[in-house]
Amino acid sequence: MIIKRLYISLKVRIQNRLFPKTELEILRERGLKYGKNFKFFNSHIDYGHCWLVEIGDDVTITNSTILAHDASTKLYFGKAKIGKVKIGDRVFIGYSSVILCNVTIGNDVIVAAGSIVTKNIPDNSIVAGNPARIIGKTSDYLEKHREYLKVKPVYDTYWPYKTQEQIEIIRKELDNDFGYDE
């Protein structure tokens, strides 16, 4: 029995070196649930409690942290607080945001960069701050930018493929304004 366990352990280690898994694959194996078109950039999802996290379709998380536990009670009671994190469909979580345990984020939500989400966020909301507070409706925000797309500079070459000439043009055109990029 011991030899069999050692053999399996060695086989897994060799397989992982030959075919390393992404962090997302490991989290999924540990119980993370996520939908279609999930984009996960340089972010962290609670490894120990990822099985309490559910993420919907068309979600982007950028350089952020999702926590399904709060260890502040561990020292005093020997137990950490845990709670589900549910993220709806069509959600964008901006750079350096933190989503705490026991939080539900609705559909069509934008979490501004640097936000700390401590409470539930309803559908069609934009939140910002620490703690995150509703600052507007996603639908209003998108309509405003739909109109801006008609009059502001729009660049169609994806950023890694821009030539130096294109970069210089964009720099000049955006001296005192903003535009939209691929």
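**Strands, core and salt bridges in a predicted model**

Phe92 stands opposite Ile110 in β13. The model is predicted.

Trainee: Which strands make up the open sheet of 6 strands, and in what order?

Mentor: The pairing in this sheet is mixed. Its edge strands are β2 (39-41) and β16 (133-136), and each pairs on one side only. From one strand to the next, the twist averages 15 degrees. The order is β2-β5-β10-β13-β15-β16.

Trainee: Which helix packs on that sheet?

Mentor: Look at β13, β15 (126-128) and β16, which the helix touches. Its direction makes about 85 degrees with that of β13. The helix is α4, residues 138-148.

Trainee: How many bridges join β10 to β13, and do they run parallel or antiparallel?

Mentor: Both strands belong to the open sheet of 6 strands. There, β10 is followed by β13 in the strand order. The two run parallel, and the number of bridges joining them is 3.

Trainee: In the open sheet of 4 strands, which strands stand at the edges?

Mentor: The order is β3-β6-β11-β14, with parallel pairing. An edge strand here has a single partner strand, so one side is left without a neighbour in the sheet. That describes β3 (44-45) and β14 (116-117).

Trainee: Which residue stands opposite Ile99?

Mentor: Strand β11 covers residues 98-99. It is joined to β14 by 2 bridges, and the two run parallel. Opposite Ile99, in β14, stands Val117.

Trainee: Which residues touch the most other members of the largest nonpolar core?

Mentor: The core has 27 residues. Elements giving two or more residues to it include α2 (23-29), β4 (53-55) and β12 (103-105). One of the residues asked for touches Leu27, Phe38 and Val53, among others: Ile45. The full set is Ile45, Ile55, Ile66, Ile87, Ile93 and Ile105.

Trainee: Why does the salt bridge of Lys36 and Asp57 tie together parts that are apart in sequence?

Mentor: Their side chains meet at 3.6 Å, N to O. Lys36 lies in the loop between β1 (33-34) and β2, and Asp57 in the loop between β4 and β5 (60-62), so the parts tied together are 21 residues apart in sequence.

Trainee: Is Arg90 exposed or partly exposed?

Mentor: The side chain of Arg90 meets that of Asp108 in a salt bridge (2.6 Å, N to O). Exposed means over 50% relative accessible area. Arg90 has 41%, so it is partly exposed.

Note on methods: Residues are numbered from 1 along each chain as its sequence is written. This is a predicted model: local features need pLDDT of at least 70, side-chain atom pairs count only at pLDDT 80 or more; totals for chains, interfaces and linings use all residues. Side-chain values use heavy atoms; hydrogens and water are left out. A nonpolar core is a set of buried Ala, Val, Leu, Ile, Met, Phe, Trp, Tyr and Cys residues joined through side-chain atoms within 4.5 Å. Buried means under 20% relative accessible area, exposed over 50%, partly exposed in between (1.4 Å probe, protein chains only). Contact means heavy atoms within 4.5 Å. Two strands pair if DSSP finds at least two bridges between them. Axes are lines fitted to C-alpha atoms, for helices over the stretch in contact, and angles run from 0 to 180 degrees between N-to-C directions. A salt bridge is a side-chain nitrogen of Lys or Arg within 4 Å of a carboxyl oxygen of Asp or Glu. Lists of a residue's contacts leave out its neighbours within four places in sequence.
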